[in-house]
Amino acid sequence: MSDAIVVIPTYNEIENIEAIIEAVFAQKRAFDVLVVDDNSPDGTHKKVQELQQKYSSRLFLEVRNAKTGLGTAYIHGFRWALARDYEYIFEMDADFSHNPADLERLLAACENEGADVAIGSRYVKGVNVVNWPMNRVLMSYFASKYVRFITRIPIHDTTAGFVCYRRKVLETIGLDNIRFVGYAFQIELKFKAWKLGFNIKEVSVIFTDRTKGVSKMDSSIFSEAFFGIIKMKIRSMFTKTKRHA
Ligand SMILES: Nc1nc2c(ncn2[C@@H]2O[C@H](COP(=O)(O)OP(=O)(O)OP(=O)(O)O)[C@@H](O)[C@H]2O)c(=O)[nH]1
Ligand SMILES: [Mg+2]
């Protein structure tokens, strides 16, 4: 068993799943993989089961009954990982927007540079996004600025979904207290980690739009984030957060 696990949530990722798993296992450093699939109609989980024959000791699968959102899929995966001995718990998409070759750089930030949270960030140096339509780049970039303005969080890429968490961060945040499911989920975790005083480091990565399969992003996810973070900020002003150290 590795001390690092990559949690990959999937919904209809049959065109990507095998390649992304193989790409993680091709890294020099050993990473385990947990796929959290929402009973994808395209049979993504069946492909994972097939691959488990080959990678029985390092590929794991959790299948939920129905599509219930990215945030709850991650919470499910985090609980699974925390119940085992993993020290480094990663979030990564299945669609190759996040490059598995960057996993080791995120890990190094935690292992060698003292970070408790390492974020694969698109906006550390300018805008590192490939193949997104301009309106999506602008929306994402200004969303990040908006979140910084409202929350004062000192992070450039607050909606990033490519992250390494040390286990103590997820244990201290308390997964029962997470409210959001979409992009707001990503913001909420980072905001809570920052409020608790954890050390957060952004590692510059290049984000590439998916070339296979379809996006699950919709406008409800956007409005949850837009209004949700204002509520989150206001709530935080009335709750005392004890810093972890
Ligand atoms: N288990 C689970 N996985 C999901 C759900 N929604 C999205 N995902 C997965 O979460 C990851 C990110 O979803 P995407 O659709 O790529 O969202 P996105 O990256 O914001 O959108 P695109 O840039 O258009 O790809 C992918 O691996 C999806 O398969 C869900 O409700 N349940
Ligand atoms: Mg994507």
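Here is a short tour of a predicted model, from its ligand to a pair of aromatic rings.

**Stop one: the ligand.** Start by selecting ligand 1, which sits in the largest pocket. Now show its neighbours: 20 residues surround ligand 1, and the closest are Glu-13, Asp-38, Tyr-183, Ser-215 and Lys-216. Try colouring this shell by class, and you should find eight nonpolar, three polar and nine charged residues. Next, bring up the ribbon and look for strand E1 (4-10) and helix H3 (70-82), each of which supplies at least two residues of the shell.

**Stop two: contacts to oxygen.** Keep ligand 1 in view and select Pro-9, where a backbone N or O atom lies 2.8 Å from an oxygen atom of the ligand. Then pick Ala-94, which has a polar backbone atom 2.9 Å from an oxygen atom of ligand 1. Move on to Arg-210: here an N or O atom in the side chain is 2.8 Å from an oxygen atom of ligand 1. How much of the ligand's accessible area does the protein cover? Of the 630 Å² that ligand 1 has on its own, 94% is covered.

**Stop three: the rings.** Leave the ligand for the aromatic side chains, which form 13 aromatic pairs. For one of them, select Tyr-123 and Tyr-141: the ring centres are 5.5 Å apart and the planes stand at 80°, so this pair is edge-to-face. Tyr-123 is in the loop between strand E5 (117-121) and strand E6 (129-130), while Tyr-141 belongs to helix H5 (residues 134-151), so the pair ties together parts 18 residues apart in sequence.

How values were computed
Residues are numbered from 1 along each chain as its sequence is written. Chains are lettered from A and ligands numbered from 1 in the order in which they are written. This is a predicted model: local features need pLDDT of at least 70, side-chain atom pairs count only at pLDDT 80 or more; totals for chains, interfaces and linings use all residues. Side-chain values use heavy atoms; hydrogens and water are left out. A residue is near a molecule or strand if one of its heavy atoms lies within 4 Å of it. A polar contact is a pair of N or O atoms within 3.5 Å; within protein, one must be able to donate a hydrogen and the other to accept it, and residues adjacent in sequence count only if both atoms are side-chain atoms. Accessible areas come from the Shrake-Rupley method with a 1.4 Å probe; for residues, only the protein chains shown count as cover. On a 1 Å grid over the protein atoms alone, a cavity is a set of points where a 1.4 Å probe fits but cannot get out, and a pocket is an open set with protein on both sides within 12 Å along at least five of seven lines; lining residues have an atom within 4 Å of a point. A molecule sits in a cavity or pocket if more than half of its atoms lie within 2 Å of its grid points. Helices (H or I, at least four residues) and strands (E, at least two) are DSSP runs, numbered from the N terminus. Ala, Val, Leu, Ile, Met, Phe, Trp, Tyr, Cys and Pro count as nonpolar, Asp, Glu, Lys and Arg as charged, and the others, Gly among them, as polar. Rings of Phe, Tyr and Trp (its six-membered ring) pair if their centres lie within 6.5 Å; planes under 30 degrees apart count as stacked, over 60 as edge-to-face and the rest as tilted.
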